[in-house]
Amino acid sequence: MAEVILKRINKYLSEVGYCSRREADKLIESGRVTINGVVPEMGTKIAPEDVVAVDGKEIINTKESFVYLAFNKPVGIVCTTDTSVEKDNIIDYLNYPKRIFPIGRLDKPSEGLILLTDDGDIVNKILRASNNHEKEYIVTVDKPISQTFIERMSGGIPLAELNKTTNKCKVEKLSTYKFKIILTQGLNRQIRRMCDYLNYDVQTLKRVRIMNIKLDMPVGEYRELTKEEFKNLNLLLEESTKTFKQNNTAKAKKPFKR
């Protein structure tokens with residue numbers, strides 16, 4: 001008799017493209033998800049024959065293939081999937097025919113590269129902070145950039161409001177008012193907070209690269225990832241995920257209830 005493969009409910013919802021695992025956890029916590037008509041516990045696993053519903057509507061896996069998009073977000077667009085709360089949201093702006101969601105965020109006053117997908121697994125791999133995935137930005141500030149500014153930005157800035165100190169990063173002066181910064185963190189409004197700590201105001205902020213994906217389309221336009229980009233992206237994700245697991249082999253995994 002073939003072994004029945006069980007799958008966590010949040011993983012299922014991400015794989016069918018309904019939402020990311022993080023968003024699925026929120027739906028489960030709020031009691032909006034049911035399995036065979038019953039509200040499940042966090043971490044519950046499902047079998048292929050189980051009926052999963054969100055807000056009473058059955059979720060059916062009709063996915064043929066995943067979507068992977070690179071989008072040049074304009075200033076003023078918000079990276080949220082909650083279209084009922086924010087009118088200038090990324091989902092309505094793109095009006096893509098399939099349900100997709102952004103990987104991470106790029107705040108409203110910023111522009112540049114953001115990836116969108118309906119593949120929940122790749123979202124978690126990219127967002128996992130311990131994997132140290134590079135994101136590159138071009139920033140202009142309100143006054144001349146000093147060598148002290150470059151050194152302090154690259155060495156780590158204490159952010160009291162987040163109770164964190166930023167990791168060391170790569171910072172390069174490009175002109176009197178412009179610099180390039182490469183981060184491996186994703187703290188809320190990180191670059192703006194770092195500059196503010198040093199008494200600089202950000203005038204423009206553009207993300208130009210995420211890992212191996214570079215910004216190469218006009219503002220407001222998107223494109224699908226090329227086969228070569230996707231291949232290299234997966235290679236980077238595979239290597240970093242392996243490293244993450246090796247560093248945590250001593251941690252025992254807690255059993256989840258079916």
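Helices, of at least four residues, and strands, of at least two, are taken here as DSSP runs numbered from the N terminus. In these terms the structure, which is a predicted model, contains seven helices and 16 strands. Of the 258 residues of the protein, 43% count as buried, and the exposed area comes to about 15000 Å², of which 49% is supplied by carbon and sulfur atoms. Among the contacts with a separation of 6 or more, 64% join residues that lie 24 or more positions apart.

The interior was examined for enclosed space, and a search of the whole structure finds one cavity of 30 Å³ or more. The largest cavity holds about 50 Å³ of space, and its lining consists of Tyr 68, Leu 69, Ile 103, Leu 115, Leu 116, Thr 117, Ile 122, Ile 126, Leu 225 and Leu 233. At least two residues of this lining come from each of strand 6, strand 8 (111-117) and helix 4, with strand 8 giving the most, namely three residues. By class, the residues that line the largest cavity divide into nine nonpolar and one polar, with no charged residue.

Open space was considered next. The largest pocket has a volume of about 1200 Å³ and is lined by 43 residues, of which Gly 104, Arg 105, Leu 106, Leu 127 and Gly 186 lie nearest its centre. Two or more residues of the pocket lining are given by each of helix 2 (21-29), strand 7 (101-102), helix 4 (120-127), strand 9 (135-141), helix 6 (190-197) and strand 14 (202-210). Helix 4 provides the largest share of this lining, with four residues, and helix 4 also supplies at least two residues to the lining of the largest cavity. The lining of the largest pocket is made up of 18 nonpolar, 13 polar and twelve charged residues, whereas the lining of the largest cavity has no charged residue.

Strand 6, one of the elements that line the cavity, spans residues 68-73 and includes Asn 72. With a relative accessible area of 4%, Asn 72 falls under the 20% limit and is therefore classed as buried. A polar atom of the Asn 72 side chain lies 3.5 Å from the backbone oxygen of Pro 218. When neighbours within four places in sequence are left aside, Asn 72 is in contact with Gly 112, Leu 215, Met 217, Pro 218, Val 219, Gly 220 and Glu 221, so that Pro 218 appears both in this set of contacts and, through its backbone oxygen, opposite the polar side-chain atom of Asn 72.

A second buried polar side chain is that of Thr 166, a residue in the loop between strand 11 (164-165) and strand 12 (170-173). Thr 166 has a relative accessible area of 4% and, because this is under 20%, counts as buried. The side chain of Thr 166 places a polar atom 2.7 Å from the backbone nitrogen of Ile 157. Apart from residues up to four places away in sequence, Thr 166 touches Gly 156, Ile 157, Leu 159, Gln 185, Leu 187, Gln 190 and Met 194.

Gly 155 belongs to helix 5, which covers residues 147-155. The relative accessible area of Gly 155 is 40%, a value between the limits of 20% and 50%, and this residue is therefore described as partly exposed. Between the C-alpha atoms of Gly 155 and Val 171, which are 16 residues apart along the chain, the separation is 9.3 Å.

Backbone angles of two asparagines in loops also merit description. Asn 95, although it is not a glycine, has a positive phi of about 55 degrees, and its place is in the loop between helix 3 (90-94) and strand 7. Its relative accessibility of 64% is over 50%, and Asn 95 therefore counts as exposed. For Asn 199, likewise a residue other than glycine, phi is positive and near 65 degrees. Asn 199 is found in the loop between helix 6 and strand 14, two elements that each give two or more residues to the lining of the largest pocket. With a relative accessible area of 58%, Asn 199 is over the 50% limit and so is also exposed.

Notes. Residues are numbered from 1 along each chain as its sequence is written. This is a predicted model: local features need pLDDT of at least 70, side-chain atom pairs count only at pLDDT 80 or more; totals for chains, interfaces and linings use all residues. Side-chain values use heavy atoms; hydrogens and water are left out. Buried means under 20% relative accessible area, exposed over 50%, partly exposed in between (1.4 Å probe, protein chains only). A polar contact is a pair of N or O atoms within 3.5 Å; within protein, one must be able to donate a hydrogen and the other to accept it, and residues adjacent in sequence count only if both atoms are side-chain atoms. Contact means heavy atoms within 4.5 Å. On a 1 Å grid over the protein atoms alone, a cavity is a set of points where a 1.4 Å probe fits but cannot get out, and a pocket is an open set with protein on both sides within 12 Å along at least five of seven lines; lining residues have an atom within 4 Å of a point. Grid points are joined across faces, edges and corners, and a volume is the space filled by probe spheres set on the points. Ala, Val, Leu, Ile, Met, Phe, Trp, Tyr, Cys and Pro count as nonpolar, Asp, Glu, Lys and Arg as charged, and the others, Gly among them, as polar. Accessible areas come from the Shrake-Rupley method with a 1.4 Å probe; for residues, only the protein chains shown count as cover.
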